[in-house]
Amino acid sequence: MTPDATPIEPLVAVEDVHTYYGKSHILHGVSLHVDSGEVVGLLGRNGVGKSTTLKTIMGLVHPHRGKVLFAGKPITSLPAHKLARLGIGYVPEDRRIFRLLTVMENLRTGLDRHGMTEARKQELLEKAFSYFPVLAERRNQAGGTLSGGEQQMLAIARAMMLEPKIILLDEPTEGLMPRMVSQIRQIIDVLHREGVAILLVEQNVPLTLEASQRVYIMEKGAVRHHCPASALKIGDPLIQQYLGV
Amino acid sequence: MSKRSATVYWIGFSIILALLIVAPLVLTEFWRRFLTEILVWGLLAMSSDILIGYTGMVSFGHSAFFGLGMYGAAAALLMVRPPNLWLAILYGLVGSAGIALFVAYFSTRLRDIYFAITTLIFSQIFYVIIFTWTEVTGGENGLTFRRPALEIPGLFSVPFSSETLHWFVLAVVTASYLILRRITQSPFGMVLQSIRENEARTRAIGYAVERYKMTAVMLSGLFAGLAGVLYALQNRFAAPDFVYFLVSGETVIFNVMGGIGTLVGPIVRAGFFLLLREAFSRFFTEYYLIPVGVIFIAMVIFMPQGLLGFMRRWLNQ
Amino acid sequence: MSTMLGLLQAIPYEALLIQTLNGIVTGMILALIASGLTLIFGIMDVVNFAHGELFMFGAYMGVVVISATGSFWLALVLATLIVALIGAALQITTLRPLLGRDPLTTILATFGISLVMQNYALWQFGPVARKIPEPFSGQFTLFYLEYPWYRVLIAVLSAAIIGGFYLFLKYGTYGIWIRATTQDRVMAEAMGIPVSWVHTAVFGIGAGMAAASGVLFGPLVGVNHAMGLDWVLKAFIVVVVGGMGNLGGSIVASIFISLLEAYASIWVSPAQAVIVSFVVLILTLLFRPTGLFATPK
């Protein structure tokens, strides 16, 4: 975040990662990095390996080759729950709310951990509820009864309970009404102001370009293009090439 | 199968068969009995391989089929005078087929563990019925009877000696093996295997999966019943212990240890298991199941390729 | 009218009442066993064939501790803890490597465990049944019967253990971890929950509950190496009837089936009364394969 040019270690670095599902080779040497406090967009068509990249970082699938570093330390073979404790928050594509748990209990899955004081828990909860007042209203309702947008908010709030240094956001606006989309957009900005880094996978290109500082474009399991978000425009031929239908 | 490997197969088959035919002439009484018993348990193991190995349904209820085969044979031998070998087989098969139909009807609606648990519970139902219905089944003591003569009506009739009994069992088991082998290689057997590999897809192609599964359970039950008849003939009794689910568990063990989906594997391992039991029971007396259990657990964990045809699946990819 | 009266008079009300009490007592014991079984299935897809042996081990631990210390209550606590640890150790050594494989492999592995445990018990303790003395011997008069207070206590204690466990699941941090893991193993892991330890803990808790019911039930029957078999079978029926993995359903089904069996044994022998629960099972499979008490999704 400091303006001087001393090279800082990236918060998350993915180096030449190859990931398989069973026999199918999904990631063919993906490399990317996210610095502290930075919002980075990850664009690409369906099925090019964006979600798998996030899962690989989160330790939900383990790569056959390549490395994942967190603040300079290798985390490639660590189990996901250790990564969550290190400060990686994960908001998956299908949100994966604990449907039978109440909103409050969903939040407590991330909140109840070692070294948390009651005061700190309360603080985190109040912050989340101030961002998402609707969750406060519904705190005793089962997660499965929330609307799609509310579930998305809960998924983000739940990840925030981990006090993450980075949040992996997978298609947060998918299937949401425009009003909800702009709310998600705002929350990305809020998290950014608080210094939380975000790796954002999105189909919504304008939103991604607006919200991110840098973007990566993926195709066929590898990163094909990498540039500052401001260097790309909606009508850019690159966008047409990699994302156009 | 290529022509060459078919030749090799049949040569191997003939050699083993010849050895099994000659064996009783050179073995002592104890080992002769032992060998016959291996064949009987091998048939039981083979019958359950149709379900476990070929269709991918783990049955924990084969003791019911086996036991009903025993009691069916007992019924024929006790009620019909003079006792007749072929009637014993017929009654045994009818008994096990009836039970198999019942079990098949209910349990094939269920998959995986639900199927396993249901077959287990069904076998226990029959156990309880047999155990408590003392007037008919002899309850805990079971039924004892005399062995019928080996006869072919109109041709000859001689009492069984332990050699002829062995040859008779060998003939039945060999015939069963050949029939089952033919069945598993037939189009019907292919459908069973495709159910194992992907039930939904098999259904989508248009096969009536339930009907195939029911037939598989019936077939499996019938051969298990046949094994029960042979066991009854060899030992001249029927007892509720053989309906108890431990027998089903041992059957599953034969299969898992033997490499599922091979038909021969289960026979070999039935032999291996009985030998192991014999050996362990000399060191550990009646606690031989402790080492057997430990070995079994280790195989489940470390040799999953022996399980459920996973190996085959890998090879196919 | 008179035939109606005759029928009404023919109902053995006193026997019914006594059997209701008996049914509730065995139902609570069964619920204690089945809730561990269903929880273990729900969270890790493990069908624990060895559950009855954990129950049996609990009873034997009870015998051992009582003969050493003379205290039933100490035996109850120690047996529960020891078997919970044994269960956790079994989970780590044999079930953890199977995670993610076909659930059928877990049946096979736990079947192996049950063989080993049963024969180990036979080897250690011999074939002669042992006895756990009742912690107290008070009775009250129920019609023509002297009904032991201890039986009532069993039901109350089982209910208390189940209730305590329910509260733990509902409000405790680890309870929330367990429920979250049951619903979505992967997401729970991503929220920082150490899922494999949750599995171990749940197996341990289930084993401990089975052990507690073994000690509680010990005074009513002899303790022997094969005592787990009947119970595990019944517990399986209950778990299927209640809906696999559904805790509330198993508890209700335990009491339901035990009551039915108790009533049936007014007319037939207890061994035959078991058939009633088989019939319930068959009907359930026919009409509600997801469980009689399952909440439809």
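Two strands pair if DSSP finds at least two bridges between them, and strands (E, at least two residues) and helices (H or I, at least four) are DSSP runs numbered from the N terminus. The model on screen is predicted, so local features need pLDDT of at least 70 and side-chain atom pairs count only at pLDDT 80 or more, while totals for chains, interfaces and linings use all residues. Residues are numbered from 1 along each chain as its sequence is written, and chains are lettered from A and ligands numbered from 1 in the order in which they are written.

**Stop 1: the sheet of chain A**

Select Leu42(A), and opposite this residue, in strand 9 of chain A, you will find Tyr216(A). Strand 3 (residues 39-43) and strand 9 (residues 214-219) of chain A run parallel and are joined by four bridges. Widen the selection to the open sheet of six strands in chain A, where the order is 6-7-8-3-9-10 and the pairing is mixed. Strand 6 (88-91) and strand 10 (222-228) of chain A are at the edges with a single partner strand each, so one side of each has no neighbour in the sheet. On average, neighbouring strands of this sheet are turned by 15 degrees against each other, direction ignored.

Next, show helix 6 (residues 148-160) of chain A, which lies across strand 6 and strand 7 (166-170) of chain A and runs at about 170 degrees to strand 6. Angles run from 0 to 180 degrees between N-to-C directions, with axes fitted to C-alpha atoms, for helices over the stretch in contact. Helix 7 (residues 178-193) of chain A lies across strand 3, strand 7 and strand 8 (197-201) of chain A, at about 150 degrees to strand 8.

Colour chain A by pLDDT, the predictor's confidence in each residue from 0 to 100: the mean is 90, and 97% of the residues of chain A reach 70 or more.

**Stop 2: chain B and its contact with chain C**

Select helix 3 (residues 62-79) of chain B, where 16 of the 18 residues are buried (20 or more other C-beta atoms within 10 Å of a residue's own, C-beta atoms being placed from the backbone), so this helix is largely enclosed by the rest of the structure.

Now turn to the contact with chain C, which takes 31 residues from chain B and 35 residues from chain C, two residues being in contact if their C-beta atoms, placed from the backbone, lie within 7 Å. On the chain B side, helix 5 (112-132), helix 11 (245-258) and helix 13 (289-302) give two or more residues, and helix 5 of chain B gives the most, with eleven residues.

The mean pLDDT of chain B is 80, with 90% of its residues at 70 or more. Over residues 307-317 of chain B the pLDDT is below 50. Where pLDDT is low, the predicted coordinates should not be read in detail.

**Stop 3: the hairpin of chain C**

Finish with strand 1 (residues 139-142) and strand 2 (residues 145-148) of chain C, which pair in the antiparallel sense over four bridges. These strands form a hairpin with two residues between them, and Phe143(C) in the turn has a positive phi of about 50 degrees. Select Phe140(C) to find Tyr147(C) of strand 2 opposite, and Thr141(C) to find Glu146(C) of strand 2 opposite.

Notes. Buried ≥ 20, exposed ≤ 12 C-beta atoms within 10 Å, placed from the backbone.
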